[in-house]
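Student: I have a model open on my screen and would like to learn how to read its domains and interfaces. Could you walk me through it?

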Amino acid sequence: MSNANVQANLSNLARYQNNFLKEVEANVEEGHMVKMCMQCGVCAGSCPFGPDWEHSPQKIFMMIRAGKRDEVLGSDSMFMCTSCYNCIVRCPRQLPITHIMHGLANYAHRIGMAPKGQPTRQFATLFWNNLVKKGRVNELTLTLGHYFTNGLVSGIKTALGMQSIGLGLFMAKRLNPMEIFGGHGVKDLKGFHAIVAKAKEIEDRKKGFTA
Amino acid sequence: MADNKFAAYICSGCGLGDKLDIKTLEKIAQKEGKMQVVKSHPFLCNAEGVQMINDDIANEAVTHVCIAACSRRAKTEAFHFPTVAMSRANLREGVIWIVAEGEAHDEVRQEMANDYVRMGCAELKKMKLPAGNPDTAHSKRILVVGGGMSGLTAAFEAAEAGYETVLVEKQSQLGGWAAKLWRRAPFKAPHAEPQDTGLTVLAAKVSSHPLIKVHLNSSLAETAGAPGRFIVKIAQESGAITEETVGAIVQATGFTGYDITKLPELGGGQANVVDQAGLEALAIAANGGAIKRADGKEVKSAVFVQCAGQRGSGGNGSGRHLDYCSGHCCATSIKQAMYFKDQNPDIDTVVMYSDLRVPGMGEDFYRSAQEKGVIFTKAKVTAVSGGDACKVEFKDLILDEDTSVDADLVVLATGQVPSAGVELDAWTQLTAEADGGSDEAKQKIVVMNKTSVLNLTYRQGPDLPQLKQGFADSHFICFPYETRRTGIYAAGPVRRPMDMLQATEDATGAALKAIQAVENASLGRAAHPRSGDLSYPLVRLEGCTQCKRCTVECPFGAIDEDERRFPVFNEQRCRRCGTCMGACPVRVISFENYSVDTVGSQIKAVDMPDEFSERPRILILACENDAYPALDMAGLSRTVYSAFVRIIPVRCLGSVNTIWITDALNSGFDGVMMMGCKKGDDYCQGLGTRPLPHEQDRRHADPARPGTGARRHAGSRHHRQPARGHADQ
Ligand code: SF4
Ligand code: SF4
Ligand code: SF4
């Protein structure tokens with residue numbers, strides 16, 4: 001209880017001050033551009049998902065400036081971005097909004113504040129892990145993995161529902177059932193893993209994560 | 001005096017010859033117009049045509065010339081015959097360009113042209129070549145009132161242009177508001193950083209200029225006279241009086257900040273809640289170091305509240321303060337937030353705005369502040385508490401929530417209140433009461449006069465008329481600097497709210513206007529808008545009934561009264577609008593080239609068709625400042641309007657004498673339309689001052705659809721001659 005009070009007080013103090021804005025600038029891709037938003041709302045009006053998000057990009061930027069750290073990093077709004085680039089094209093202040101959305105999502109994910117069970121986030125994790133394993137996406141395991149994220153029963157149901165499509169793909173030689181046993185990888189798998197590890201190291205260093 | 005010889009010249013160029021029967025026009029000029037010389041030319045405005053006219057003037061002793069060709073506003077350089085009286089019949093813009101094409105309209109087109117030739121000749125018969133005002137006024141010195149940024153700039157620019165200048169400043173030093181600033185918003189690219197005010201340099205240039213004489217600790221005890229011959233009494237604080245003669249005056253008396261203590265709802269009056277001037281003082285004291293509050297504490301966080309007591313209910317505060325935007329305060333707050341950020345980027349600065357207004361290059365300045373980390377938030381402030389820990393409660397309009405923020409210092413962006421002196425409507429009211437014997441009113445006038453800037457001896461009051469919200473302007477858009485007192489020009493924030501850059505540009509413009517005024521006055525000509533006009537109001541005092549209408553109605557305060565209550569015209573103050581002529585019930589005021597007769601004879605010259613011919617006639621009296629140019633534009637764009645109208649340009653609707661309406665209706669016109677500005681618009685020179693029975697008829701007059709139907713109407717000055725001139729009511 002008392003701990004929560006301290007937290008609340010802290011966030012109270014930080015209202016409309018630069019603390020969180022500075023954190024975003026230091027850790028989020030293109031985060032230094034957040035302060036340049038002039039709150040015109042063009043992005044909010046341009047986003048095809050605008051009505052379905054909790055917070056539009058415009059609001060997210062104002063929330064960052066208002067010091068609302070928990071609300072921003074705990075929000076699923078950034079995960080809703082489909083990278084259509086409508087907002088970037090239209091922003092009169094030329095903010096790389098799409099990149100900032102993904103940067104924020106990534107940062108929230110890395111520090112463990114992103115909402116649990118957020119489907120976009122789950123799928124992205126699944127996709128990444130699948131990809132990194134062999135250097136290429138294994139469509140069969142990715143699809144099945146996706147079906148079963150919500151438990152066994154629903155997984156089976158979805159899989160059965162998709163049966164005829166699977167069969168069609170198989171007949172057209174677009175789906176190899178043998179891939180279920182690990183599947184094939186890229187040529188130099190070791191080299192690929194080294195590249196990914198290096199990239200992660202660079203990113204961590206840039207964003208100040210210690211491994 | 002040599003005999004008058006009248007000549008008419010008809011042009012058949014520009015398609016006039018194709019659309020009109022020039023022979024008929026010639027015959028009309030000769031027979032009905034009684035012109036002694038009548039000639040036509042296929043291209044009248046070319047060198048040959050003009051030479052033909054000049055030859056007639058030189059060899060045939062022609063004294064009066066009627067040009068029947070294009071509008072009087074066209075080809076003025078070609079048709080410039082300064083030694084003869086001239087009228088113009090507008091056959092191009094006024095007839096062939098606006099009457100519908102085709103044979104079906106040939107007859108009405110020709111009738112219209114015939115009438116304009118008749119009218120041009122009739123007008124000419126009543127005109128005289130203006131002899132010019134022998135009473136010229138020769139002082140070309142310029143007085144600048146106020147030694148702030150605007151005043152200094154006006155004085156410097158006028159002096160640089162070669163005019164001797166006298167500058168009067170109330171304070172003991174030059175600088176005015178600018179002297180209270182630490183830095184100014186940038187004037188030049190890249191518009192990113194606050195700049196030095198530039199005051200020291202400018203003040204030094206002014207003080208050492210050989211053509212500028214500076215009076216410090218001084219104010220104007222009296223201003224009398226007119227352009228070219230103002231006599232001002234400059235009173236020193238000590239009481240000593242110096243008299244100076246000047247030709248024109250620039251009033252650059254600036255503004256004061258809105259009283260912050262009138263804003264208790266925004267914490268005004270509480271400790272550590274300051275206005276922008278208050279913050280400038282703290283910044284000057286800090287001299288580039290950390291800015292400290294009055295109690296000595298270093299400021300670590302500052303909140304700026306924009307539109308404090310401004311923009312009515314659109315700004316912050318109760319909404320019962322100033323209704324306008326002062327224009328500079330957004331950029332000023334941006335600049336002030338930079339004072340903090342530049343000294344220490346860790347200081348938190350929040351600017352709360354409802355609309356951040358940074359026109360022009362101010363947008364770059366705004367971006368620069370964002371780069372520096374100034375936080376901008378769209379907010380409506382609900383409460384401010386000052387003291388050791390200030391708190392600003394507000395609604396975040398983007399996040400749609402009520403919240404608050406703590407700060408060491410709160411800065412309120414309050415507005416500019418013009419220092420324009422006495423408000424003349426109130427003054428006039430009190431004067432009337434005082435004349436009626438009220439001692440209380442007399443007392444009040446004494447108090448009121450103490451606040452006067454100019455202390456004019458004009459019967460219309462001691463200061464410049466104020467247009468809106470106390471600002472001394474004639475009209476913001478149409479006539480910048482031109483106040484309603486000829487030869488006196490307002491510049492800077494006393495004229496309208498503005499920032500320093502605009503004020504310096506304004507001051508330069510006003511200095512040029514002042515130069516225009518002294519030059520014209522020295523030649524006995526009108527300053528503007530009839531710049532160069534040599535005519536001026538002539539009054540037959542024998543017939544004057546001392547009714548005072550002309551003195552009251554002259555929008556420019558040109559007429560005083562002598563001891564016997566006769567009008568005394570100050571020609572140099574006069575703008576030749578003719579309002580006095582329109583006002584005079586006994587019609588004793590006229591100009592040599594514009595009079596009750598010159599217009600009246602045109603009205604009577606129009607040929608009236610048979611009552612049952614279905615060809616009505618509508619008279620349009622069109623103001624030459626706005627309506628007549630608009631009608632010319634209609635011609636230029638080939639807009640068709642009724643061929644049943646007959647248009648006479650007038651100098652101002654104020655110059656319309658009711659007798660013209662009576663004449664028109666008596667001679668068979670079906671209606672009269674007044675075209676110009678409407679009362680209360682103060683649109684051009686504040687002349688639309690007298691109400692008409694049908695106000696809408698002046699404003700929305702549409703020549704394409706004159707009142708030809710059942711509703712025929714005539715405007716009349718009903719408070720002068722009630723119940724006359726109403727056509728069918
Ligand atoms: S790129 Fe993302 S945030 Fe931008 S408009 Fe598209 S979906 Fe919306
Ligand atoms: S379009 Fe750009 S400037 Fe406008 S609100 Fe969105 S991010 Fe801000
Ligand atoms: S012409 Fe106009 S400005 Fe001149 S004295 Fe008459 S009313 Fe005044």
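**Reading domains and interfaces**

Tutor: Happy to. The domain assignment of chain B gives domain 1 (1-129), domain 2 (142-254 + 464-522) and domain 3 (258-416). Please keep in mind that this is a predicted model.

Student: How far apart do the C-alpha centres of domain 2 of chain B and domain 3 of chain B lie?

Tutor: Those centres are 30 Å apart. Where these two domains touch, domain 2 of chain B contributes 20 residues and domain 3 of chain B contributes 21 residues.

Student: How is the size of an interface often given?

Tutor: It is often expressed as the accessible area lost when the parts come together. Between domain 2 of chain B and domain 3 of chain B, about 1,600 Å² is buried, with 65% coming from carbon and sulfur atoms. On the side of domain 2 of chain B, the three residues B:W182, B:H191 and B:Q469 supply 35% of the area buried against domain 3 of chain B, more than any other three residues.

Student: And how many salt bridges are there between domain 2 of chain B and domain 3 of chain B?

Tutor: The count is 1 salt bridge. If you want to look at a salt bridge on screen, find B:E193 and B:K372, whose side chains meet at 2.7 Å, N to O. Polar contacts are counted as well: between domain 2 of chain B and domain 3 of chain B there are 7 residue pairs in polar contact, both residues at pLDDT 80 or more. Sorted by class, the side of domain 2 of chain B that touches domain 3 of chain B has 13 nonpolar, 2 polar and 5 charged residues.

Student: Let's try chain A. Which domains does the assignment give there?

Tutor: Chain A has domain 1 (3-116) and domain 2 (119-201). Their C-alpha centres lie 31 Å apart. Here 6 residues of domain 1 of chain A are in contact with 4 residues of domain 2 of chain A. Together the two domains bury about 450 Å² between them, 47% of it on carbon and sulfur atoms. In domain 1 of chain A, the residues that lose the most area to domain 2 of chain A are A:F79, A:H109 and A:R110, together 70% of what that side buries.

Student: What about salt bridges and polar contacts between domain 1 of chain A and domain 2 of chain A?

Tutor: There are 0 salt bridges between these domains, while 4 residue pairs are in polar contact, both at pLDDT 80 or more. The side of domain 1 of chain A that touches domain 2 of chain A has 3 nonpolar, 1 polar and 2 charged residues.

Student: Now for the two chains: how many residues of chain B are in contact with chain A?

Tutor: Contact involves 24 residues of chain B and 18 residues of chain A. The area buried between chain B and chain A is about 1,900 Å², and carbon and sulfur atoms give 49% of it. In chain B, B:I375, B:I398 and B:L399 lose the most area to chain A, together 29% of what that side buries. Across this interface there are 3 salt bridges. The side chains of A:R93 and B:E363 meet in a salt bridge at 3.0 Å, N to O. The two chains also share 13 residue pairs in polar contact, both at pLDDT 80 or more.

Student: One last feature. What is a disulfide?

Tutor: In general, a disulfide is a covalent bond between the sulfur atoms of two cysteines. This structure holds 0 disulfides over all chains. As for individual cysteines, A:C81 counts as buried because its relative accessibility is 17%, and B:C577 also counts as buried, at 7% relative accessibility.

Terms used
Residues are numbered from 1 along each chain as its sequence is written. Chains are lettered from A and ligands numbered from 1 in the order in which they are written. Side-chain values use heavy atoms; hydrogens and water are left out. Domain bounds come from an automatic or database domain assignment. Contact means heavy atoms within 4.5 Å. Buried area is the accessible area (1.4 Å probe) that two parts lose on being put together, summed over both. A salt bridge is a side-chain nitrogen of Lys or Arg within 4 Å of a carboxyl oxygen of Asp or Glu. A polar contact is a pair of N or O atoms within 3.5 Å; within protein, one must be able to donate a hydrogen and the other to accept it, and residues adjacent in sequence count only if both atoms are side-chain atoms. Ala, Val, Leu, Ile, Met, Phe, Trp, Tyr, Cys and Pro count as nonpolar, Asp, Glu, Lys and Arg as charged, and the others, Gly among them, as polar. A disulfide is a pair of cysteine sulfur atoms within 2.5 Å. Buried means under 20% relative accessible area, exposed over 50%, partly exposed in between (1.4 Å probe, protein chains only).
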